[in-house]
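Open the model in your viewer and keep the sequence panel visible. The tour goes from one selection to the next.

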Amino acid sequence: MSADTAKRQAAEAALAYIEPGEVLGVGTGSTVNHFIDLIAEKRLQADIPGAVSSSEATTQRLHKIGVRVLDLNDTGTLSIYVDGADEANAHLQLIKGGGAALTREKIAAAASRKFVCIVDESKRVGVLGKFPLPVEVIPMARSYVGRQLTALGGHPYLREGVTTDNGNLILDVRGLDIVDPVALESRINAIAGVVTVGLFAQRPADVLIVGSPDGTQIIDGR
């Protein structure tokens with residue numbers, strides 16, 4: 001089974017978590033793209049009064065299938081948020097931000113009663129950190145934040161040619177074995193100039209759906 005087929009498998013399983021009549025939170029990335037495409041294929045748009053999107057790319061994709069995109073300020077708490085991840089550990093703590101949408105993704109996850117994460121099996125790890133940890137930073141703070149991340153033992157690199165939907169930069173931090181994700185998330189978020197870090201540990205996923213050749217595995221963290 002290809003990784004793409006496994007992503008689609010996980011995305012299809014996530015359709016069962018859609019609550020008809022409730023506003024849906026939708027993340028960003030290749031696995032989420034399958035989720036959006038499947039909403040259209042299964043003709044579920046009528047069950048979805050609107051969606052909160054984590055990126056401009058997702059907004060465009062939702063518009064194409066006829067799902068109205070709403071402002072989170074107008075919706076209140078979301079019943080469900082569906083998104084992918086770059087890494088996931090056994091505690092359903094995640095690294096996200098490969099698509100540079102980590103800040104809006106983190107806001108949507110925090111505003112949701114249930115966060116459903118959809119991945120292929122290659123994203124499951126014992127210890128987070130093999131995938132470079134994204135950090136969104138205000139442009140004037142790039143060098144300062146880079147020095148602080150180096151002091152934490154990481155090797156930060158500017159993601160060239162990338163500006164987030166919020167007008168900021170991404171530093172990707174390599175060389176970290178993240179054995180205490182909650183503590184590291186707090187420490188990096190406290191650095192002046194950091195908008196947010198792509199660690200989803202203080203608010204991990206509630207459900208992890210993993211697509212694999214052995215079938216779809218659903219891990220409920222609650």
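What follows is a list of stops, each with something to select and a note on what is there.

This is a predicted model, in which local features need pLDDT of at least 70 and side-chain atom pairs count only at pLDDT 80 or more, while totals for chains, interfaces and linings use all residues. Residues are numbered from 1 along each chain as its sequence is written, and side-chain values use heavy atoms, with hydrogens and water left out.

**Stop 1: the four-stranded sheet**

Select S7, S8, S9 and S10, where helices (H or I, at least four residues) and strands (E, at least two) are DSSP runs numbered from the N terminus. These four strands form an open sheet in the order S8-S9-S7-S10, with antiparallel pairing; two strands pair if DSSP finds at least two bridges between them. At the edges are S8 (155–158) and S10 (194–197), each pairing on one side only. On average, neighbouring strands of this sheet are turned by 30 degrees against each other, direction ignored. Axes here are lines fitted to C-alpha atoms, for helices over the stretch in contact, and angles run from 0 to 180 degrees between N-to-C directions.

Now show S7 (residues 133–137) with S9 (residues 169–174): five bridges join these antiparallel strands. Val137 stands opposite Leu169 in S9.

Add helix H5 (residues 102–110), which packs on the sheet and touches S7, S9 and S10. Contact means heavy atoms within 4.5 Å. The direction of H5 makes about 65 degrees with that of S10. Helix H7 (residues 181–189) lies across S7 and S10, running at about 165 degrees to S10.

**Stop 2: helix H6**

Which residues of H6 (residues 142–151) are buried? They are Val145, Gly146 and Leu149; buried means under 20% relative accessible area, exposed over 50%, and partly exposed in between (1.4 Å probe, protein chains only). These buried residues cover an arc of only 105 degrees around the axis, so they are on the same side of H6. The arc is that of the directions from the helix axis to the C-beta atoms. Among the elements covering them are S7, S8, S9, H7 and S10. On the face turned away from the buried side, look for the exposed residues Arg147 and Ala151. Gly153 follows H6 and has a positive phi, near 100 degrees.

**Stop 3: Thr28**

Select Thr28, in the loop between strand S1 (24–26) and helix H2 (30–41). Thr28 is buried, with a relative accessible area of 16%. Its side chain makes a polar contact of 2.6 Å with the side chain of Ser54. Another polar contact, of 3.4 Å, joins the side chains of Thr28 and Thr58. A polar contact is a pair of N or O atoms within 3.5 Å; within protein, one must be able to donate a hydrogen and the other to accept it, and residues adjacent in sequence count only if both atoms are side-chain atoms.

**Stop 4: the nonpolar cores**

A nonpolar core is a set of buried Ala, Val, Leu, Ile, Met, Phe, Trp, Tyr and Cys residues joined through side-chain atoms within 4.5 Å. The largest has 26 residues, of which Leu24, Phe35, Ile39, Val82, Val116, Ile118 and Ile209 touch the most other members. H2 gives the most to this core, with five residues. A second, separate core of 19 residues includes Leu133, Val137, Val173 and Leu176.
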